[in-house]
Amino acid sequence: ALAPAAAPLAATRWRASAYALPAYAAPVGPPARLRVTRGAEHARFDTASQRALTSEPFAVTPRSDRMGCRLAGPILQLDPATTRELVSEPVTAGTIQVPPDGNPVLLLAERQTTGGYPRIAQVAAVDLPVAAQVPPGGLIRFEEIEPEEADWLELVQRLELERLLLGIRLRIEEDSR
């Protein structure tokens, strides 16, 4: 049971690990860093677009919503030798699709379940809360990592959150005695 509402708040001698908390970016300041793995159609983009994804910042546009974070920046293009129609395939939160206009869309919480645009990258699950907090006009910079690193980051974050929850439970039990 939690302490009564009238009880004074006490400062704790502990804090949440940095791994348990997302590194939110300030609304104005350096770009938010989002780690990505290569998407299913990454190899179909021309070399300049592949390079631009991780070397140039992208701005969040006012047309963004809970479905997707629309980005403006370098225009990303498919290699002309690889262009052909795509069949709609499953997408998930964090998928970065590139529609024909070349401006990427980072899919968020209320995204569709399938998409027919090429998927250049996938944001690591641990960075999705950061992506959702970048306001219109804010900048994003993508950093490519290997899928194994994305899995490791998620595992570490889960363990830190479980550790935090255990610490809170123990503190509540200690205070209720």
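## Thr37 in strand β1

Thr37 has its place in strand β1. In this predicted model, the residue is buried, because its relative accessible area is 13%, and buried means under 20%. Leaving aside residues up to four places away in sequence, Thr37 touches Ile120, Ala121, Gln122, Ile145, Glu146, Pro147 and Ala150. One of these contacts can be described further: Thr37 and Ile120 are 83 residues apart in sequence, while their C-alpha atoms are 8.9 Å apart in space.

The strand that holds Thr37 is itself covered over much of its length. Strand β1 comprises residues 32-38, and 5 of its 7 residues are buried, so the strand is largely enclosed by the rest of the structure.

## The chain as a whole

The chain contains 3 helices and 9 strands. Read from the N terminus, its elements follow the order β-α-β-β-β-β-β-β-β-α-β-α. The chain has 177 residues, and buried residues make up 33% of them.

Contacts between residues distant in sequence are also part of the picture. Among the contacts that join residues at least 6 apart in sequence, 74% link residues at least 24 apart.

## The barrel

A barrel is closed by 7 strands, in the order β1-β8-β5-β6-β3-β2-β9, with mixed pairing. From one strand to the next, the twist averages 40°. As a general matter, strands of a sheet pair through backbone hydrogen bonds, either parallel or antiparallel.

The pairings of strand β1 show both senses. With β9, strand β1 pairs in the parallel sense over 5 bridges. With β8, strand β1 pairs in the antiparallel sense over 3 bridges. Val36 takes part on both sides: its bridge partner in β9 is Glu144, and its bridge partner in β8 is Val123. Arg33 stands opposite Arg141 in β9.

## Further strand pairs

Strand β8 also pairs with β5. Strand β5 covers residues 95-97 and strand β8 covers residues 119-123; the two run antiparallel and are joined over 3 bridges. Within this pair, Ile96 stands opposite Ala121 of β8. Ala121 is also among the residues that Thr37 touches.

Strand β9 has a pairing with β2 as well, in the antiparallel sense and over 2 bridges. Here Phe58 stands opposite Ile140 in β9.

## Helix α1 against the strands

Helix α1, formed by residues 47-55, lies across β2 (58-60), β8 and β9 (139-144), and runs at about 115° to β9. Ser49, Ala52 and Leu53 are buried in this helix. Seen down the axis of α1, its buried residues fall within an arc of 105°, so they line one face of the helix.

Those buried residues of α1 pack against β2, β8 and β9. On the other side of the helix, Thr47 and Arg51 are exposed.

## His42 in the connecting loop

The loop between β1 and α1 contains His42. This residue counts as buried, because its relative accessibility is 6% and the cut-off for buried is under 20%. Not counting residues up to four places away in sequence, His42 touches Gln50, Arg119 and Ile120.

The C-alpha atoms of His42 and Arg119 are separated by 6.6 Å, although the two residues are 77 apart along the chain. Ile120, touched by His42, is also touched by Thr37.

## The cavity

A search of the whole structure finds 1 cavity of 30 Å³ or more. The largest cavity has a volume of about 40 Å³. Its lining is made by Glu41, Leu86, Val87, Glu89, Gly115, Gly116, Tyr117 and Arg119.

Arg119 thus appears in two settings: as a residue of the cavity lining and as a contact of His42.

Terms used
Residues numbered from 1 in each chain as written. Predicted model: local features only at pLDDT ≥ 70, side-chain atom pairs only at ≥ 80, totals over all residues. Heavy atoms only, no water. Pairing = 2+ DSSP bridges. Helix = DSSP H or I, 4+ residues; strand = E, 2+ residues; numbered from the N terminus. Axes fitted to C-alpha atoms, helices over the stretch in contact; angles between N-to-C directions. Contact = heavy atoms within 4.5 Å. Buried < 20%, exposed > 50% of the residue type's maximum accessible area, 1.4 Å probe, protein only. Arc of directions from axis to C-beta. 1 Å grid on protein atoms, 1.4 Å probe; cavity = no way out; pocket = protein on both sides within 12 Å on 5 of 7 lines; lining within 4 Å. Points joined across faces, edges and corners; volume = space filled by probe spheres on them.
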